[in-house]
Amino acid sequence: MQIKEYYVGLNFPDKLSRLESLAYNLWWTYNNSAKDLFKMINPDLWWQTQYNPIEVIQSLSTEDLSVLEKDQVFLSRLDNVWGEYIDYIKNPKWFESISPSPDFQNFQVAYFSAEYGIHESLQTYAGGLGILSGDHCKSSSDLGIPFVAVGLLYRNGYFHQYLNSDGWQLETYPYNEFMKMPISRIRDENGNETYIEIEAQERIIYVRLWQVDMGFVRFILLDTDIDKNSEEDRAITGKLYDGDMGMRIKQEIILGVGGIRALTKLGISPTVYHINEGHPAFSFIERLRNLVTEKNLSFDEAVEFIKKTTVFTTHTPVPAGFDKFSQEDIFHHLGPILDNSPVKPHDIMGLGRFNPADTNEPFSMAVCGVKMSAYRNGVSKLHGSVSKTIFSPLWPELNDAFIPIDYITNGIHLPTWISDELKTLYNRYLGENWHIKPYHFELWENVDDIPDLELFEAKQTQKVRLVEFIRTKVKSGISFRGGSQGEMLKANEILNPNILTLGFARRFASYKRAALLFSDTERLNKILNNPDLPVQIIIAGKAHPKDTEGKEIIKKIYHIARQPEFRDKIAFVEDYDIEVAKYIVRGVDVWINTPRRPMEASGTSGMKVAANGGLNFSILDGWWVEGYNGYNGWTIGAGEEYEDYEYQDYVEAQEIYDKLEHEITPLFYDKDKSGLPRQWIQMMKASIKEVCMNFNTTRMVKEYYEKFYAHLHKIHNEYIKDDFKNLKDFIVWKNDLKNKWKDIKIVKGYLTADNLYLGEEAELCAEVYTNGINPQNVAVYAIMEFNSKSSGFNNPIFIQLNHEGEEDENLLSLYKKKLTLKCAGKMKLVFAGFPTHDFVVNKFENNMVIWE
């Protein structure tokens, strides 16, 4: 039996036609008025479909449309929402306000990521990486930055989790019906679907292109589940992060190589490429092939062009987390793609190795990302330092402080994650600028103006909603497992919105130590069931389908939660996703995070909690190292790192129990005569201000633009002039410099001063033998640091010396700089020389440095 499928398109009356436009632009995902409009059509279906407007409007019959067309209240709401949407599109954005020069008319960022967490109705994400990518895109739209995002469209997306009666995690992969999602097929001018082709062994893989619109951002999603392909190739975009490494390399080829081809097919010409984690690194290989084959650049010229137009962001704190492929895999899968190109698989192996000459070293996607980009960054200050250590073999002669890897700390998209109750308060006491112009960060100081009672009641409303949601979820799970009526009745007694609520939700990887809080159940029982100061815990999170250890942790917690003394005080919420996350981060009072430092690259869940008035209680890892200010939450430990993990777990578990019992819980219940915990509320306000002001994706994206995007765009435009003349000249200059560089010497470097005292003037001097190189091409720096706590450098200061002329008799160039001594104490000083050129973006980028 052959079942044929047809798609019946929507056909709205003129008065309702704007509904379809609104539904297909994901601007509505963070606009309350728009969401309320779709909910108004069919509240039950809105909830059942996980807030999917496409399914809601597709359910409308001609009779339903006729009723809506005559509903003046609905039409008025529609007019208002459409007005808000038009205002969003037409109002000047930050990118316009900075008045870029005419050279920025062609500015375009292409952002590549394996996953995007935008909304519950679009299953293209697994966890934190995807949520961050989605928030990045939302803020790029809010700021008006020309931005296109590239990813894969998964037929099943990430798995849905449920627990059996023994607490063991099982997985289901519901079928994603694309026609019921807010996406559309990309068609050409004749209305035909758009495809690209990827060469594989003795066959072609066909890839269909889909589009998602969100404000100003356009998503291009790639799909291989089409009739033209074999069953094997149709499965490539079947499941996110599922399958063996053979499937992983196919997915990453479709993402990287296919993503570049999709942009070319659609006539999109990015000037900056942002590669989010190593998964899209094969985009470098396709760009390399294009530049050599179509632009007639040499291999070195093409590599240089790619580097100077690319940002690479790493999110992984351990080398084991990087995708690596054998030479055999690279040759097998990329060979057909490079078959008719001067670039061969052997040529590219070195791009993904720490040591290009080591034929036994696999191809690392992350190493390729670092090597093929001019700017690289971790996602928090600590993670930036960790990343420097991980990739230090690429700069073997440098102190870690000098390794050219930066950091930009992650943030959250505030309008997406802040609850309706707090949005109302913020509108009232901060003004609408917090939402319309979230980059006006100083307005968050006005949080202090919010009356304590209103803030506390808003938080209480969120907790009531959270408890009701969890009870509904628990009853749904009981019903699914065939539980008894007694269990269903008991589910109505789970949790109490009036008591201190702790939250813990994340991926159940072993380093996140989800079981730490449950390591001493006797002491936990004493804390949770204190009759005067009761506490409850909400747990959520998934283990990877192949992570048996993570599943064992879930099972252990599940069994503890079912013990009589904990049954009403601990709730495990199944199938952690965006919807569950929103309820939890908005409703809990305290967020607990227990990673093994420094294994948490950043973490953004705690930011979402803080933006909703919750407090963080966390290991000093990831973003919390920067976010904790002494009065907006609590720390676990003081940033120690242990070799004995068992001892570490014991020490930190005891600290968790101690602080919960003696500090956190008493503070929550310390209420004045009006029934308000005044000190707690002051901490809530401090938490809101610190996070909303500093840990949002508006700040984050602005930082990417100002530190990376703008500079790379300028280099792109300079490089493409006159058939890449500037690029080719720079390669000649760099190669000439390399030949002479080894003989350059800083003969002498010294500091002179009449008196080495604070406030006195001193002069830095260096005598340099430049080996015939123009002294203007050698930048000489004094590298200084005051009162460092280590033998090396931690936070060095670079002071560039001025070229003052030559000493003819010694053929030495003199470099000098006067300065005022602004610090007292021990001063470390070293002199170093670097190549200097308008196209050198980092002193250490070429591994060319001379030391005194």
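This passage walks through the core, a helix, a buried loop residue, a surface patch and the salt bridges of a predicted model.

A good place to begin is the interior. The largest nonpolar core contains 281 residues, and F282 and W444 are the ones with the most contacts inside it. Helix α29, which covers residues 697-719, gives the most to this core, contributing 10 residues. To get a feel for the surroundings of F282, it helps to look past residues up to four places away in sequence: F282 then touches I249, E252, I253, G256, V257, F325, I330, L334, F363 and M365.

Helix α28 allows a simple check with a ruler. It runs over residues 678-694, and at 1.5 Å a residue its 17 residues should span 24 Å; the C-alpha atoms at its ends are 24 Å apart, so expectation and model agree. Of these 17 residues, 13 are buried, and α28 is therefore largely enclosed by the rest of the structure.

Loops can hold buried residues too, as T194 shows. This residue sits in the loop between β5 (184-185) and β6 (195-200). Its relative accessibility is 6%, and because buried means under 20%, T194 belongs in that class. Setting aside neighbours within four places in sequence, the contacts of T194 are I186, R187, D188, V207, R208, L209, K265 and L266.

The surface offers a contrasting view. There, V747, Y769 and L811 make up a nonpolar patch, and together they have about 290 Å² of accessible area. One of these residues, V747, belongs to strand β21 (residues 745-752). With a relative accessible area of 48%, V747 is partly exposed.

Attention now turns to charged side chains. In the whole model, the count of salt bridges comes to 47. In one of them, D233 pairs with R203, and their closest N and O atoms are 2.7 Å apart. D233 is part of helix α9 (residues 231-234) and R203 is part of strand β7 (residues 203-214), so this pair ties together parts that are 30 residues apart in sequence. How buried or exposed are the two partners? D233 counts as buried, at 1% relative accessibility, while R203 is partly exposed, with a relative accessible area of 29%.

A second salt bridge joins E652 and R513, whose closest N and O atoms lie 2.6 Å apart. This pair links distant parts of the chain, 139 residues apart: E652 is in helix α27 (residues 645-668), and R513 is in the loop between β15 (500-505) and α22 (521-528). Here E652 is buried, with a relative accessible area of 3%, and R513 also counts as buried, at 5% relative accessibility.

A third example returns to helix α29. The side chains of K707 and E703 meet in a salt bridge, with an N to O distance of 3.9 Å. K707 and E703 are four residues apart in α29, which means that about one helical turn separates them. An α-helix has 3.6 residues a turn, so residues three or four places apart point the same way. At 29% relative accessibility, K707 counts as partly exposed.

Salt bridges can also join up into a group. Which residues are linked in a network of salt bridges? The members are R155, D225, D227 and R234.

Definitions and conventions. Residues are numbered from 1 along each chain as its sequence is written. This is a predicted model: local features need pLDDT of at least 70, side-chain atom pairs count only at pLDDT 80 or more; totals for chains, interfaces and linings use all residues. Side-chain values use heavy atoms; hydrogens and water are left out. Helices (H or I, at least four residues) and strands (E, at least two) are DSSP runs, numbered from the N terminus. The expected span of a helix is 1.5 Å times one less than its number of residues. Buried means under 20% relative accessible area, exposed over 50%, partly exposed in between (1.4 Å probe, protein chains only). Contact means heavy atoms within 4.5 Å. A nonpolar core is a set of buried Ala, Val, Leu, Ile, Met, Phe, Trp, Tyr and Cys residues joined through side-chain atoms within 4.5 Å. Patches are made of residues with over 30% relative accessible area and no salt bridge: like charges are joined within 9 Å, nonpolar side chains (Val, Leu, Ile, Met, Phe, Trp, Tyr) within 5 Å. Accessible areas come from the Shrake-Rupley method with a 1.4 Å probe; for residues, only the protein chains shown count as cover. A salt bridge is a side-chain nitrogen of Lys or Arg within 4 Å of a carboxyl oxygen of Asp or Glu.
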